[in-house]
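Here are my comments on the structure you asked me to look over, set out as numbered points. Please keep the model open beside the note as you read.

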Amino acid sequence: MSPYLRLASGDPAEPRLGAAIAITVDGQPAKALPGQSVAAALMADGRDSWRTTRGGERARGVFCGIGACFDCLVVVNGLPDVRACQRTVSAGDSISTQHGAVLPPTRPPTPTPTAGGHQSDFVHHLSVLRQAKRSGGAQGALGNGVRVVPVVVVGAGPAGMSAAVAAADAGREVLLVDAAASVGGQFNRQLPAEFRARRPEKLQHGWRAFARLRDRIAADPMITHLSDTSVWAVERPTDVCVGRTRLWLQTGPADAAGRQVSAVETPALVLATGAYDRVLPFPGWDLPGVYSAGAAQALAKGQRIAVGKRVLVAGTGPFLLPVAESLVGVGAKVIALLEANHPITVAKGWLSDPVAAAGKFLEGATYAALLARHRIPLKHSRTVIAAHGTNRVEAVTTARLDRDWNPIPGTEERIEVDAVCLGFGFTANLELAVSIRCELAEGAVVVDDNQQTTAPGVWAAGELTGIGGAALAAAEGQVAGAAAASASSPSATSGMGEGEGATRAVASGGVSSAVASRGAASAVATGGVASAVAGGGVASAVATGGVASAVAGGGVASAVATGGAARTVASGGVARAVAKGKRFAVALAAAYPVRDGWLGWSDSGTVVCRCEEVERGAVEEAVGVREVEGARSLKLACRAGLGMCQGRVCGRNVAAISGVKQGDGRPVGQPVRLVDLASAEQLEDL
């Protein structure tokens with residue numbers, strides 16, 4: 001059975017769906033629901049493919065589900081290359097199948113309105129919301145029209161939300177930028193507001209804590225949430241923006257022409273860009289109906305779409321369990337959950353630190369009960385090694401694996417399925433971090449105890465710094481937000497009001513000391529000593545040329561020193577949460593490793609780069625025959641990684657197959673239409 005929308009009747013979230021809106025699909029009248037993505041509208045109509053590839057004319061549909069892979073491209077209102085999973089459908093939309101490469105129209109685009117019906121305007125977002133409370137200072141524009149904000153946080157998942165609140169608690173104004181329509185990220189993905197769910201908490205774990213944080217962000221006058229906004233480029237401090245990082249933004253419906261282009265500068269940038277699923281290649285993995293595990297969960301939690309009636313979940317790691325839960329929640333039958341690792345490998349990993357694993361025992365028991373209740377078999381040492389079908393997946397072949405993930409001959413089994421969901425861990429979303437030249441190690445951003453990266457004025461938190469789950473991401477976000485607030489220059493924050501219960505002291509050439517029994521304590525010293533102590537909130541100290549010291553009895557402590565010494569002491573729950581989360585991350589990696597045997601699942605004819613349809617044989621020929629040695633040369637020799645996703649999906653896999661280290665350096669974080677680049681150029685000329 002093809003994808004379908006779960007009926008509202010019986011849905012535990014109790015959505016109250018609005019009246020259907022009229023659209024056209026390939027010239028035929030169709031219906032969609034307010035708030036649906038284009039992908040969800042098409043899938044609710046029973047379609048799992050609406051695109052063919054440029055070279056091989058292969059059918060494609062949703063794969064990653066979060067806008068990273070560009071597999072679900074569709075033509076909307078005559079404009080090609082629109083990611084169906086990211087674009088919200090509007091009444092009157094004309095949606096067409098995208099056959100191969102399609103050129104955009106030559107006429108100038110019409111400016112795109114926002115959901116509220118007003119022209120998207122970044123200056124409006126930053127000034128109107130704040131003008132009533134303060135003027136000047138951080139809200140002042142530079143001569144070229146670029147705005148300056150004390151702290152900018154990119155990403156509104158657990159790490160970004162926590163970072164924004166921590167920075168606001170420290171008395172800094174915060175701009176929270178996110179590509180989604182609402183905060184929460186993948187972990188706290190919500191139904192569209194248009195679904196008017198009576199009981200949205202039924203689709204979330206930890207809903208109360210999330211709802212408190214969400215509502216706090218919405219109500220806090222120190223935080224501006226800029227939704228439906230992507231960061232497509234980051235510039236390091238230069239003579240033009242001394243001591244600040246410049247971010248180039250686009251606001252408006254995803255992939256529309258004429259999205260509002262704007263720029264913002266900040267002395268303190270927090271990156272919380274998260275991660276996306278890693279899927280390992282095998283014959284047929286590019287068929288429609290083969291999804292990343294995250295895509296299946298996103299469609300279920302965020303759109304109430306089931307990817308099929310008979311679904312197989314395979315890969316490695318505990319994330320497969322909530323994916324199965326989400327599929328069951330929309331009425332799909334999960335016929336099995338396949339864990340690639342041997343049970344002894346899993347057990348040894350968790351037993352390497354039983355204390356770290358103990359905190360997840362209750363959650364694990366809940367999922368075990370779910371599997372038992374729905375009669376979902378959990379099979380270890382088994383995975384999918386091939387998918388079969390013509391224009392969509394119809395069946396898969398699974399095989400038993402040895403400890404190194406090599407398929408054991410004679411154990412193959414063919415299973416009929418409507419869909420298969422795959423997840424072999426995660427890949428950090430490094431594009432912006434690479435652009436700003438943060439140091440990387442083992443596929444993650446290197447940070448210190450304050451979550452500061454090697455790039456000046458840049459902090460990172462969450463999966464970007466290593467895969468460790470939502471709890472660790474939130475704790476790291478608190479640390480990063482407080483540290484970023486501490487380091488934002490006083491000149492950038494002049495004119496800002498202090499939070500309730502806050503104490504702030506500034507000294508030039510001497511000693512600055514601030515103490516607060518509750519709330520935030522902030523001290524800034526130029527050429528001397530800065531000391532801040534907070535009994536139950538945020539302690540923030542900044543010293544230029546001297547010593548910075550911060551102590552928090554029950555919250556977050558952050559100290560930054562330029563040219564001197566920095567001392568940070570956090571005796572509260574945040575420090576313990578970070579330490580606990582990091583121990584859990586180490587045990588997680590040990591319990592669910594990715595073994596090299598997966599290299600034997602594919603052959604020379606298996607597509608490894610989905611965008612450019614590059615087969616494994618072409619990659620191996622480039623290395624073996626053409627003697628390619630560098631990542632750039634490999635791209636030019638066989639095109640792997642040159643497509644719209646820029647190697648997000650294939651990069652790690654191609655590096656493992658070829659033996660050529662994955663290249664870094666991607667100045668444009670995502671594709672930008674040329675007309676929008678022209679707008680950016682005009683903005684710089686102001």
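1. How many helices and strands does the secondary structure of the protein chain come to? The chain has 16 helices and 41 strands, and please bear in mind from the start that this is a predicted model. Of the 686 residues in the protein chain, 55% are buried. When contacts between residues at least 6 apart in sequence are considered, 60% of them join residues that are at least 24 apart.

2. Let us begin with helix H3, which covers residues 158-169 and so contains twelve residues by the way helices are delimited here. From its first C-alpha to its last, H3 reaches 17 Å, a span close to the 16 Å expected at 1.5 Å a residue. Eleven of the twelve residues of H3 are buried, and the helix is therefore largely enclosed by the rest of the structure. The buried residues are Pro158, Ala159, Gly160, Met161, Ser162, Ala163, Ala164, Val165, Ala166, Ala167 and Ala168. Just after H3 comes Gly171, which takes a positive phi of about 90 degrees.

3. The next point concerns the packing of helix H7 (residues 343-351) against helix H12 (residues 573-591), whose axes lie 7 Å apart at an angle of about 160 degrees. Because angles over 145 degrees count as roughly antiparallel, H7 is roughly antiparallel to H12. The crossing in which H7 passes H12 is right-handed. On the side of H7 the contact is made by Thr345, Val346, Gly349 and Trp350, while H12 brings Phe584, Ala587, Leu588, Ala590 and Ala591. Sorted by class, the contact of H7 with H12 has seven nonpolar residues, two polar residues and no charged residues.

4. Helix H12 also packs with helix H11 (residues 470-487), and here the angle is about 140 degrees, with the axes 8 Å apart. H11 and H12 are therefore oblique to each other, and their crossing is left-handed. The residues that make this contact are Leu472, Ala475, Glu476, Gln478 and Val479 from H11, together with Val574, Ala577, Val578, Gly581, Lys582 and Ala585 from H12. By class, the contact of H11 with H12 has seven nonpolar, two polar and two charged residues.

5. Which way do helices H13 and H14 cross, left-handed or right-handed? The crossing of H13 and H14 is right-handed. The axes of H13 (residues 616-624) and H14 (residues 631-638) come within 10 Å and cross at roughly 125 degrees, and the two helices are therefore oblique to each other. In this contact H13 uses Ala618, Val619, Ala622 and Val623, and H14 uses Leu634, Ala637 and Cys638. The residues of the contact of H13 with H14 divide into seven nonpolar, no polar and no charged.

6. Following the chain out of H14 brings us to Arg639, which is found in the loop between H14 and helix H15 (651-658). The phi of Arg639 is near 75 degrees, which is a positive value in a residue other than glycine. With a relative accessibility of 39%, Arg639 counts as partly exposed, because that term covers values between 20% and 50%.

7. Asp26 deserves a look of its own, and it sits in the loop between strand S2 (21-25) and strand S3 (28-32). Its phi is near 50 degrees, again a positive value in a residue other than glycine. Is Asp26 buried or partly exposed? Asp26 is partly exposed, with a relative accessible area of 38%.

8. The last point is about Leu378, whose place is in strand S23 (residues 378-380). Leu378 has a relative accessible area of 41% and is partly exposed. Once its neighbours within four places in sequence are set aside, Leu378 is in contact with Leu337, Glu339 and Leu371. Leu378 can also be compared with Val313, since the two are 65 residues apart in sequence and 9.8 Å apart in space, taken from C-alpha to C-alpha.

Methods
Residues are numbered from 1 along each chain as its sequence is written. This is a predicted model: local features need pLDDT of at least 70, side-chain atom pairs count only at pLDDT 80 or more; totals for chains, interfaces and linings use all residues. Side-chain values use heavy atoms; hydrogens and water are left out. Helices (H or I, at least four residues) and strands (E, at least two) are DSSP runs, numbered from the N terminus. The expected span of a helix is 1.5 Å times one less than its number of residues. Buried means under 20% relative accessible area, exposed over 50%, partly exposed in between (1.4 Å probe, protein chains only). Axes are lines fitted to C-alpha atoms, for helices over the stretch in contact, and angles run from 0 to 180 degrees between N-to-C directions. Angles under 35 degrees count as roughly parallel, over 145 as roughly antiparallel, 65 to 115 as roughly perpendicular and the rest as oblique. A crossing is left-handed if the near helix is turned anticlockwise from the far one by less than a right angle, and right-handed if clockwise. Contact means heavy atoms within 4.5 Å. Ala, Val, Leu, Ile, Met, Phe, Trp, Tyr, Cys and Pro count as nonpolar, Asp, Glu, Lys and Arg as charged, and the others, Gly among them, as polar.
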